[in-house]
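Trainee: I should like to learn how to read a protein model feature by feature. Could we begin with the terms and then turn to the case at hand?

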Amino acid sequence: GYELPVSLLAFVQLGEQLYMNGSLGAGLDAFASSVSRYDQFTGQTAIKRHTAYPSLNANIGWEFRTYDSGTIYLGATYHRPFQDVYDNSILYRNNGRDYVYNTPLSGSYLTADLRFYFNGQADTPKRR
């Protein structure tokens, strides 16, 4: 799948090198195809309902900005499509009987984010 997010991000300085940020926005999720996989005893089919879905994106995090090394980031992200994205069917075969479980897949997720950003080159004026 593909995700095209548009979010508003705000930073709050908590200390000399500590920052907190939060973002909220919308996005468009796109899925290329349905998915299917079967073998002798199990099977799974996920049929997409539409090609594109609107979604909600939210994020909160904290940054520790060092002067020389870079920035350490710890945060969390929540993503929620406004409707279910797949109709899922799971098959299990046992002793000649087929058991089928059907359920929609929402496409929601929650992540724990740990990042490190390297410092770029210092902006120093050049003499001519």
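Mentor: Let us begin with the term strand: strands are DSSP runs of E with at least two residues, numbered from the N terminus. With that in hand, Asn95 can be placed in the loop between β7 and β8. Please keep in mind that this is a predicted model.

Trainee: What is the phi of Asn95, and is this residue a glycine or not?

Mentor: Asn95 is not a glycine, although its phi is positive, at about 50°.

Trainee: Is Asn95 buried or exposed?

Mentor: The cut-off for exposed is over 50% relative accessible area. Asn95 has 76% relative accessibility and therefore counts as exposed.

Trainee: How many helices and strands does the chain have?

Mentor: The chain has zero helices and nine strands.

Trainee: How do strands of a sheet pair?

Mentor: Strands of a sheet pair through backbone hydrogen bonds, in either a parallel or an antiparallel sense. Here, one open sheet has five strands in the order β1-β2-β5-β6-β9, and its pairing is antiparallel. Its edge strands are β1, residues 2-13, and β9, each of which pairs on one side only. On average, neighbouring strands of this sheet are turned by 20° against each other, with direction ignored.

Trainee: Which connections can be followed within the five-stranded sheet?

Mentor: Start with β1 and β2, which form a hairpin with four residues between them. These two strands pair in the antiparallel sense over twelve bridges, and Glu3 has Asp29 in β2 as its bridge partner. Next, β2 is joined to β5 by 13 bridges, again antiparallel; Gly25 stands opposite Asn57 in β5. Finally, ten bridges join β6 to the antiparallel β9, where Leu110 stands opposite Tyr78.

Trainee: Which residues lie on the covered face of β2, and which on the uncovered one?

Mentor: In β2, residues 18-30, the covered face holds Tyr19, Asn21, Ser23, Gly25, Gly27 and Asp29. The uncovered face holds Leu18, Met20, Gly22, Leu24, Ala26, Leu28 and Ala30.

Trainee: What is the order of the strands in the open sheet of four?

Mentor: The order is β3-β4-β7-β8, with antiparallel pairing. The edge strands, β3 (35-38) and β8 (97-105), each pair on one side only. Neighbouring strands of this sheet are turned by 15° against each other on average, direction ignored. Within the sheet, seven bridges join β4, residues 42-48, to the antiparallel β7, residues 86-94. Thr45 stands opposite Ser89 in β7.

Trainee: Which residues make the nonpolar surface patch?

Mentor: The patch covers about 1,100 Å² and includes Val12, Leu14, Leu18, Ile60, Trp62, Phe64 and Phe118. Strands β5 (52-65), β6 (70-81) and β9 (109-118) each supply at least two of its residues. One member of the patch, Phe118, is found in β9. Phe118 is exposed because its relative accessible area is 71%, and the cut-off is over 50%.

Trainee: How does the radius of gyration of the chain stand against that of a compact globule?

Mentor: A compact globule of 128 residues would have a radius of gyration near 14 Å, whereas the chain has 22 Å. Along the principal axes, the C-alpha atoms fill a box of roughly 80 × 35 × 30 Å.

Trainee: What share of the residues of the chain counts as buried?

Mentor: Of the 128 residues, 22% count as buried.

Note on methods
Residues numbered from 1 in each chain as written. Predicted model: local features only at pLDDT ≥ 70, side-chain atom pairs only at ≥ 80, totals over all residues. Heavy atoms only, no water. Pairing = 2+ DSSP bridges. Axes fitted to C-alpha atoms, helices over the stretch in contact; angles between N-to-C directions. Patch = residues over 30% accessible without salt bridge, like charges linked within 9 Å, V, L, I, M, F, W, Y side chains within 5 Å. Areas by Shrake-Rupley, 256 points an atom, 1.4 Å probe, with all protein chains shown as cover. Salt bridge = Lys/Arg side-chain N within 4 Å of Asp/Glu carboxyl O. Buried < 20%, exposed > 50% of the residue type's maximum accessible area, 1.4 Å probe, protein only. Rg over C-alpha atoms; globule rule 2.2 N^0.38 Å.
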